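Q: Please take a close look at the place where the two chains meet, and explain it step by step for someone who is new to protein structures.

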There are 2 protein chains.
Amino acid sequence: MSKGLTSRETDYSQWYNELVSKADLAEHSSVKGCMVIKPYGYAIWEKMQAVLDQKFKDTGHSNAYFPLFIPKSFFSKEASHVEGFATECAVVTHYRLKNDGNGNIIVDETAKLEEELIVRPTSETIIWNTYKGWIQSYRDLPILVNQWANVVRWEMRTRLFLRTTEFLWQEGHTAHATQTEAIAETEQMLNVYADFAENWMAVPVIRGKKTANERFAGALDTYCIEALMQDGKALQAGTSHFLGQNFAKAFDVKFTNKEGKIEYVWASSWGVSTRLIGALIMAHSDDFGLVLPPKMAPIQVVIVPIYKTDEELEKISAVAQQIINDLKAKGISVKYDSRDTQRPGFKFAEYEMKGVPLRIAIGGRDLENNTVELARRDTRTKETVTNQGLATLIENLLEEIQQSIFEKALQNRAEKSTNVDTYEEFKKVLDDKTGFVYAHWDGTPETETKIKEETKATIRCIPLDNPLEDGVCIYSGKPSTQRVVFARAY
Amino acid sequence: MSKGLTSRETDYSQWYNELVSKADLAEHSSVKGCMVIKPYGYAIWEKMQAVLDQKFKDTGHSNAYFPLFIPKSFFSKEASHVEGFATECAVVTHYRLKNDGNGNIIVDETAKLEEELIVRPTSETIIWNTYKGWIQSYRDLPILVNQWANVVRWEMRTRLFLRTTEFLWQEGHTAHATQTEAIAETEQMLNVYADFAENWMAVPVIRGKKTANERFAGALDTYCIEALMQDGKALQAGTSHFLGQNFAKAFDVKFTNKEGKIEYVWASSWGVSTRLIGALIMAHSDDFGLVLPPKMAPIQVVIVPIYKTDEELEKISAVAQQIINDLKAKGISVKYDSRDTQRPGFKFAEYEMKGVPLRIAIGGRDLENNTVELARRDTRTKETVTNQGLATLIENLLEEIQQSIFEKALQNRAEKSTNVDTYEEFKKVLDDKTGFVYAHWDGTPETETKIKEETKATIRCIPLDNPLEDGVCIYSGKPSTQRVVFARAY
């Protein structure tokens, strides 16, 4: 391990970049805006995928795969959709390279596509063009399909995991016979995301609806989960869109309902991405590195032997093997690091940087006493415990850590959630205290835009469980019936 | 279910296309050469992924993710590599669309990339450019990384699963300190693929090396597994490449070895793709539809109730539920199809088309007798059996079916493997009997090319366990020390 991280206090952004690098999560590639997700970072994504995929299947969805490329003309069919994505599209124009005769590889101009292909920034258009062939009658509905895929949205300023030109995600695309069903699906998937964020990632989220300004391009309603990072900035962690009949109309997807009438199909789409890894990092980690909730940790327990002789190592390894067997029997992932090329202190720092929730160290005295040293990553506390019932102790401790990390994030959010009633106060809180700011708003896009221009704060959402109360807009003074959640955001 | 399939006898190619469509596996998309993998087809891919991924991890590999785009200049760095892929590259030249003012969406010419980006046809170049930053010392080796990804190779003539412009695959890319290690890795992964093909897909394969003509662009040696389809054509089902130091030299990837000397790194790469689904279909299926070996079947057992009244259905459902519980406890996937919109005969044909290995039908008489009707998909045989110990019977039967499907494919291959000693005989066997043709070859690319031009047969491989025997080349009459395997291929 090289030297430690810049502290969050000193430079949060720098801290984040260093952590992503030193915990071996990801790096910038030679392709502008695109990242390389390194094995340890990808292992976290695999944990996320496994849990989410099971939740999607438990709610009746199947996976499928649609083309990477979208004909340009498809894109233009839903007006607000193309407007939303046109400025960030990677465009394929040719399908062949050639040697120019001087040893240079150049694009073969004779292999120009008649119609340009867009590298998918999202797949509503290609999927609804496909669904047209799948749907004739109400018997063909609902269609509950998800896709795990890469997407490309050209970004000028990128940050690893948070904003990259290419990223990995899942996108659900469902088709329904009624508006009610489509909205129920949209809400159900929001709840799946919120459950995942809170109970697996240990990140508390606000469930809400986006304002018209912040809606997905082509949606009638965008639902979202909003999380708060340690620096008081918000992060949109997942979205679920009620698309109405917009894409069905754009691609002429109709069905015969039970009464024999022909109608357009209703739609939803929903997605989360590798951005969640950014959220996970920023919600929990500290100046010593990554802090992972046990349910998202590729390695939940690491065992480090501390020995002077090969004979001692052999004895420690025998004890370690028993612990490994006991932990694996409980479904706990464990790594035994007996590398002789690195010293224990180096290993301790490395697993701390990588956020392994529990570290077991076993030394000569432990052998004598039938004990191990157990260190918690989240609290950085250590204790010496007996080997008797160790696996059960660890199992309980991992649950406790999971809960404790969530509580800490919840407390951070509570401390950084503020009701304000004036614009002055609003700006002061944004600058000094940061966090979620609950304020009255007059409901107009104009006011929202002005506040954004003046303060860089956006309306993160209108919470679903919002209490109604009379008030006046902090900006325009016009009447309002509820507070909305403002924040500066990633 | 609409009417049945064209028979294999009548038109094998048509049979394949109809089966892919009617079994709901995949379809052509509106994007030329790109396919939509439908949920049932994708479920087979997920089964394949799960098994292979575990095998990769069991052999010490981790997953990671590298960019979709490759700068054109990277491509040119390894001469034979770019030569191999240049003519099938999708090229991204722009990163923005705009409205032309008349309501048309056009490419924004002001957003032209300085250097074109290639949509990856394979990732050796971008990965070795990345590995340069990961490797300094022998302590950093080996690197054992795999990626699950989509790739694009522009194809003019496409067939679903077998040859499509975009396809899904995994690509392993490993880096080693010695040639010996890199070759051992290459061979190990070939064996992993062969094990998967034979013991999971029930497809017997020949393990061999490609001739120089058929090698991967940039490899020193390409190992392959070759399977035989029912129509007597060969299909390359997986490849594993020993890349020597070619990519290390192209991207200047050196390391300090244990002796303190600086050397270039040794490499392997290996991959299988959604093409395996094509192999699975063509190896086993019949004129009634897909035949799936149980280990690759998304649904292993389907239960269809046959009833006259709701009361009867209720009783049958109770029996079915008990069977479902028993099967699930054994890890057997089972579906209960009690849809009232379709008749049993329709359902039978549907699950036959979809290759579900076992079908259970339960009717009124079965209720009285405590029996069920059990139908095997592979043999299309039926028997009435008692409910007592049914789950164990089914568990054993699934194993028997797996084995039986493999034996049948093995027998087909044995019948269609022929030793020939003259060119006349060679051509006759290729035309009439088809299959693998074992013949002596003089070892020159020229002879291989001429035979290919004249007969459309290629050397599939030089089998790894090839017995040495003196002979003369069927084409040139020059001496030869071993037979190689020729076939017409997909």
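A: Two strands are said to pair if DSSP finds at least two bridges between them. With that cut-off in mind, we can turn to this model, which is a predicted one, and begin with strand β5 (residues 91-94) of chain A, which is joined by three bridges to strand β5 (residues 91-94) of chain B, the two running antiparallel. Within this pair, A:His94 stands opposite B:Val91 in β5(B). As a general point, strands of a sheet pair through backbone hydrogen bonds, and they do so either parallel or antiparallel.

The pair belongs to a wider arrangement, an open sheet of six strands with antiparallel pairing, whose order is β4(A)-β8(A)-β5(A)-β5(B)-β8(B)-β4(B). At the edges of the sheet are β4 (69-71) of chain A and β4 (69-71) of chain B, each of which pairs on one side only. Neighbouring strands of this sheet are turned by 45° against each other on average, if direction is ignored. On the chain B side, β4(B) is joined by three bridges to strand β8 (residues 112-119) of chain B, and these two strands run antiparallel; here B:Pro71 has B:Leu117 in β8(B) as its bridge partner.

The next step is to ask how the two chains are related to each other. In general, two copies of a chain are related by a rotation about an axis and a shift along it. In this model, a rotation of 180° with 0.0 Å of shift along its axis superposes chain A on chain B, with an RMSD of 0.0 Å, and that is the relation of a two-fold axis. The residue of chain A that comes closest to the rotation axis is A:Val92, whose C-alpha lies at 2.1 Å from that axis.

Finally, we can consider the contact between the chains as a whole, in which 51 residues of chain A are in contact with 51 residues of chain B. On the side of chain A that touches chain B, the residues divide into 31 nonpolar, 12 polar and eight charged. Because 100% of the interface residues of chain A are also interface residues in chain B, the copies meet through the same surface.

Notes: Residues numbered from 1 in each chain as written. Chains lettered and ligands numbered in written order. Predicted model: local features only at pLDDT ≥ 70, side-chain atom pairs only at ≥ 80, totals over all residues. Helix = DSSP H or I, 4+ residues; strand = E, 2+ residues; numbered from the N terminus. Axes fitted to C-alpha atoms, helices over the stretch in contact; angles between N-to-C directions. Contact = placed C-beta atoms within 7 Å. Nonpolar A, V, L, I, M, F, W, Y, C, P; charged D, E, K, R; others polar. Least-squares fit on C-alpha atoms with pLDDT ≥ 70 in both.
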